[in-house]
Amino acid sequence: MTRKVKIAVFASGSGSNFGAIEEACRNGALHAEIVVMVTNKPDAYVVERAKKAGIQVAAFCPKDFSTKDAYEEAILGTLREVDVEWLILAGYMRLIGQHLLSAYPSRIVNIHPSLLPSFPGKDAIGQAIEQGVKITGVTVHLVDEGMDTGPILAQRAVAVIDGDVDKTAEAIHAVEHELYKETLIELFSR
Ligand code: GAR
């Protein structure tokens, strides 16, 4: 048996994608280990999920640092302590800066709730519905310095349901959990 890939999951919100990845690691579908969950929001629900799963939580508030570099240097210190190989962004609502990008070249993955390059940034599902699209979806991509840009690894379409954000978000989340798992399995088997 080969050793497990050591990953850090970055998240800022409820953490349903974190939960799906954690479950896939635990049940052996994904040959990886979440060695730390990094958050910029110490009171986010994802923190509770991580604690319940017995995963180290590293919370860093950007406002406690004078520059973005200093903020990312602190994160990097933690990532190095636990030998992280890949950064997996799961609803991490901050742009990754040069510091982390150069420490993990082509080793940072993000998931976004639209068919990129359509509807990058915040509230992608609301943006899609506002524009009246009938089909939106999910994208998993490698991260570069842009907002939800970088080489696309996988996409899956999801139909907008009744022009309704909540119903569509539920369908999108279900697809996200499956597509992120499948994409990471494929990525780590290369
Ligand atoms: C997910 O829908 C993810 O695609 C999105 O945040 C949500 C987090 O949900 N990410 C972005 O919009 C990135 N620009 P979760 O906390 O339940 O995993």
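In this predicted model, 19 residues of domain 1 touch 18 residues of domain 2. Domain 1 covers residues 1–105 and domain 2 covers residues 110–190, and their centres, taken over C-alpha atoms, sit 20 Å apart. Putting the two together buries about 1500 Å² between them, with 74% of that area on carbon and sulfur atoms. On the domain 1 side, at least two residues each come from β1 (5–10), α1 (16–26), β4 (86–89) and α4 (98–103). Helix α1 puts in the most, with five residues. Sorted by type, the residues on this side of domain 1 come out as 16 nonpolar, three polar and no charged.

What about polar links across the interface? Three residue pairs are in polar contact between domain 1 and domain 2, with both partners at pLDDT 80 or more. The salt bridge count between the two domains, on the other hand, is zero. That fits with the make-up of the domain 1 face, where no charged residues turn up: a salt bridge needs a Lys or Arg nitrogen and an Asp or Glu carboxyl oxygen, so a face with no charged residues has no partner to offer.

Elsewhere there is charge pairing to look at, since side chains of opposite charge can pair when their charged atoms come close. The structure as a whole holds six salt bridges. One of them joins R3 to E85, with the closest N and O atoms 2.8 Å apart. R3 belongs to the segment before β1 and E85 to the loop between α3 (68–81) and β4, so this pair ties together parts that lie 82 residues apart in sequence. The two ends sit in contrasting surroundings: R3 is exposed, at 59% relative accessible area, while E85 is buried, at 19%. E85 falls on the buried side because the cut-off is under 20%.

Another salt bridge stays inside a helix. R26 and E22 meet at 3.0 Å, N to O, and being four residues apart in α1 they are separated by about one helical turn. Here too an exposed residue pairs with a buried one, as R26 has 60% relative accessibility and E22 has a relative accessible area of 12%.

Helix α6 (residues 165–188) has a pair of its own, E178 and K181, three residues apart and again separated by about one helical turn. The closest N and O atoms of this salt bridge are 3.6 Å apart. Both residues count as partly exposed, E178 at 33% relative accessibility and K181 with a relative accessible area of 23%.

Conventions. Residues are numbered from 1 along each chain as its sequence is written. This is a predicted model: local features need pLDDT of at least 70, side-chain atom pairs count only at pLDDT 80 or more; totals for chains, interfaces and linings use all residues. Side-chain values use heavy atoms; hydrogens and water are left out. Domain bounds come from an automatic or database domain assignment. Contact means heavy atoms within 4.5 Å. Buried area is the accessible area (1.4 Å probe) that two parts lose on being put together, summed over both. A salt bridge is a side-chain nitrogen of Lys or Arg within 4 Å of a carboxyl oxygen of Asp or Glu. A polar contact is a pair of N or O atoms within 3.5 Å; within protein, one must be able to donate a hydrogen and the other to accept it, and residues adjacent in sequence count only if both atoms are side-chain atoms. Ala, Val, Leu, Ile, Met, Phe, Trp, Tyr, Cys and Pro count as nonpolar, Asp, Glu, Lys and Arg as charged, and the others, Gly among them, as polar. Buried means under 20% relative accessible area, exposed over 50%, partly exposed in between (1.4 Å probe, protein chains only).
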